[in-house]
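User: Please take a close look at one part of this model, the strands that pair with one another and the turns that join them. Put that part in the context of the whole chain, and keep the description plain.

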Amino acid sequence: MPSLNELVRRHTTLTGADVEWLHMLVSEWQLLSDLSFADLVLWIPTWDGIRYVSVAQMRPNTGPTSYQDDMVGHLVPRGRRPLLDAAFDEGRIVREGDPEWREEVPVRVESIPVRREGRVLGVIARNTNLLTVRTPSRLELTYLQSASDLAQMIAAGTFPYPAEQTDMDAAPRVGDGLIRLDAEGIVTYASPNALSAYHRLGLTTDLVGSHLGTTTAELVPPSRGAVHEALVKLASGWAPRQTEVEVQGGVVTLRAIPLKPKGTLTGSLVLCRDVTELRRRDRELMTKDATIREIHHRVKNNLQTVAALLRLQARRMDSEAGRAALDEAVRRVGSIAIVHETLSQALDERVAFDEIADRVLMMVKELSQDGRVVTRRTGSFGILPAEIATPLAMVLTELLQNALEHAFGTKAEGNLEVSALRGRAPASGKGWSDSWNAGGRPAEYLLITVQDDGRGMPEGFDPQQEGNLGLQIVRTLCTNELGGSFDMVAAPDGGTKVVLEIPVP
């Protein structure tokens, strides 16, 4: 289905500011659809003025739909739907005409012009399924009256409110709870869900007839005067705002929408939603995240303690081989500690691996004699999950340490480069390990090379079978832990090049 931007760009001459106004309208018009018990379709005239194109559609949550099929992208010529023409040409809401019949369903059609800065940009077709029409209750009458006020504001270009910054995913909906206020902020109607939300806050009486701002402020604990006054104004519906009211045992989200169908305030809608359980879960998740970060921090501290003990033991050893083995263990433990330190500062179990790679490079470079080995990183590893970052840090440490030990030897002079490339898996699948292909190639891969300009590999050396403990660790982690492939070849200009291909979820 094409997007609103694509359809407007392809078929109309609307400006960027006009399109932004339409986006604001579409983000808000679920409210109008639910209050009207009707489908909404937004029609915009084409650049040549002889047709309309439907650029957006909304179905109600409060009633049956009038359209079983999607209407977005449909084109209709002028003259086929007289109500659209009248609303667009005359700039007024048009309700005349008999119901239309669609698949044996009677549908009442109304047209609402969409105005911005005095210009009519398009028309909203409001289509109500009449099969379920019954004697309206007080709730339905309140909904329909509120929908009429909003429709007049859209036609006048005063709704939506540009200055209101609302997260529509978290904003309360009509079905969550609706309160209708008069111009003075007095409650004239409160839906059952709205009343239940206020009972959660501690209200023991009815809302109808009370001043909502004062009643809401009296339910919350005593606070500073400015905060109390702001809550009174918001709950009175004098300005388009959203806030949360929290008392012991309950949290309710309030959203105020002033109604000005004729330019002056005639009343307000206050949507409310009981989010007590949602906020309780949020706090549990925050506590859980803080606990996980604390665990990573403690693991890092413990690993650093282990590394310090190994260093002390290495200093006391007379055997050169034993001291070298302990030094290698210190570096391996240090690479894991770096990952846990980074995770202790992250908001989730993912890390920016470039920082870890740079720290591993710095740690390994300190081992080169006289610091004459030049190390550098090119490319970016991107964001990696912890289950990949930890073994990959160990692999990188082993490869860099192996290069310093065997590529340069006692000379310890040359260049050592780590490069990373993140991208899509190749269609051919060449170079991927068998275990990878058996489960299907991943959507993304990480190609890592570690290249030096040292003395190269010994003649006849098989990197898949031979090598010291470090290479055995690299092979095991690459194939088993990371599910990727490992290869070591002669570099084109001398030296050795190690290539790793790792799937990235």
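Analyst: What follows starts with the chain as a whole, goes to the paired strands and their turns, and ends with a few single residues.

The model is predicted. The chain contains 14 helices and 18 strands. With a radius of gyration of 33 Å, against the 23 Å that the globule rule gives for 505 residues, the chain is more spread out than a compact globule. Along the principal axes, the C-alpha atoms occupy a box of roughly 95 × 60 × 40 Å. Of the 505 residues, 48% are buried. Among the contacts with a separation of 6 or more, 62% are between residues 24 or more positions apart. The accessible surface is about 25,000 Å², and carbon and sulfur atoms account for 52% of that surface. The chain carries 55 positive and 66 negative charges, and the mean positions of the two sets are 3 Å apart.

The part to look at closely is the run β4, β5 and β6. Strand β5 covers residues 105-116 and is mostly covered, with 11 of its 12 residues buried. On one side in sequence, strand β4 (residues 100-102) pairs with β5 in the antiparallel sense over three bridges. Within this pairing, Arg102 is opposite Val105 of β5. The two strands form a hairpin with two residues between them, and Glu103 in the turn has a positive phi of about 55 degrees.

Strand β5 also pairs with strand β6 (residues 119-129), again antiparallel, over 10 bridges. One of the facing pairs here is Ile112 and Ile124, the latter in β6. This hairpin too has two residues between its strands, and Glu117 takes a positive phi near 50 degrees. Glu117 is in the loop between β5 and β6 and is not a glycine. Most residues other than glycine have a negative phi. The relative accessible area of Glu117 is 67%; Glu117 is therefore exposed, the cut-off being over 50%.

Glu100 belongs to strand β4. What is its level of exposure? A relative accessible area of 35% makes Glu100 partly exposed. Apart from neighbours within four places in sequence, Glu100 is in contact with Val105, Pro106, Val107 and Val109. Strand β5 spans residues 105-116, so these four contacts fall within its numbering. Leu130 is 30 residues from Glu100 in sequence, and their C-alpha atoms are 10.0 Å apart in space.

A second set of paired strands involves β11 (residues 267-274), which is also mostly covered: six of its eight residues are buried. Strand β7 (residues 178-182) runs antiparallel to β11 and is joined to it by five bridges. In that pairing, Asp182 stands opposite Gly267 of β11. Strand β10 (residues 250-259) is likewise antiparallel to β11, with eight bridges between them. There, Thr253 has Arg273 in β11 as its bridge partner. In a regular strand, side chains alternate between the two faces of the sheet.

The loop that leads from α5 (138-156) to β7 contains Pro160. The peptide bond between Phe159 and Pro160 is cis, with omega about 5 degrees. Most peptide bonds are trans.

Another positive phi is found at Phe37, about 55 degrees, and this residue is not a glycine. Phe37 lies in the loop between α3 (30-36) and β1 (39-45). Its relative accessible area is 17%, so Phe37 is buried. Phe37 is thus buried, whereas Glu117 is exposed.

Two helix residues complete the account. Asp85 is part of helix α4 (residues 82-90). Its relative accessibility of 11% is under the 20% cut-off, so Asp85 counts as buried. Beyond its neighbours within four places in sequence, Asp85 is in contact with Tyr52, Arg78 and Gly79. Met362 is in helix α11 (residues 353-365). Met362 has a relative accessibility of 56% and so counts as exposed. The C-alpha atom of Met362 is separated by 19 Å from that of Gly454, a residue 92 places away along the chain.

How values were computed
Residues numbered from 1 in each chain as written. Predicted model: local features only at pLDDT ≥ 70, side-chain atom pairs only at ≥ 80, totals over all residues. Heavy atoms only, no water. Rg over C-alpha atoms; globule rule 2.2 N^0.38 Å. Buried < 20%, exposed > 50% of the residue type's maximum accessible area, 1.4 Å probe, protein only. Contact = heavy atoms within 4.5 Å. Areas by Shrake-Rupley, 256 points an atom, 1.4 Å probe, with all protein chains shown as cover. Lys, Arg positive; Asp, Glu negative; His and termini not counted. Charge placed at Lys NZ, Arg CZ, Asp CG, Glu CD. Pairing = 2+ DSSP bridges.
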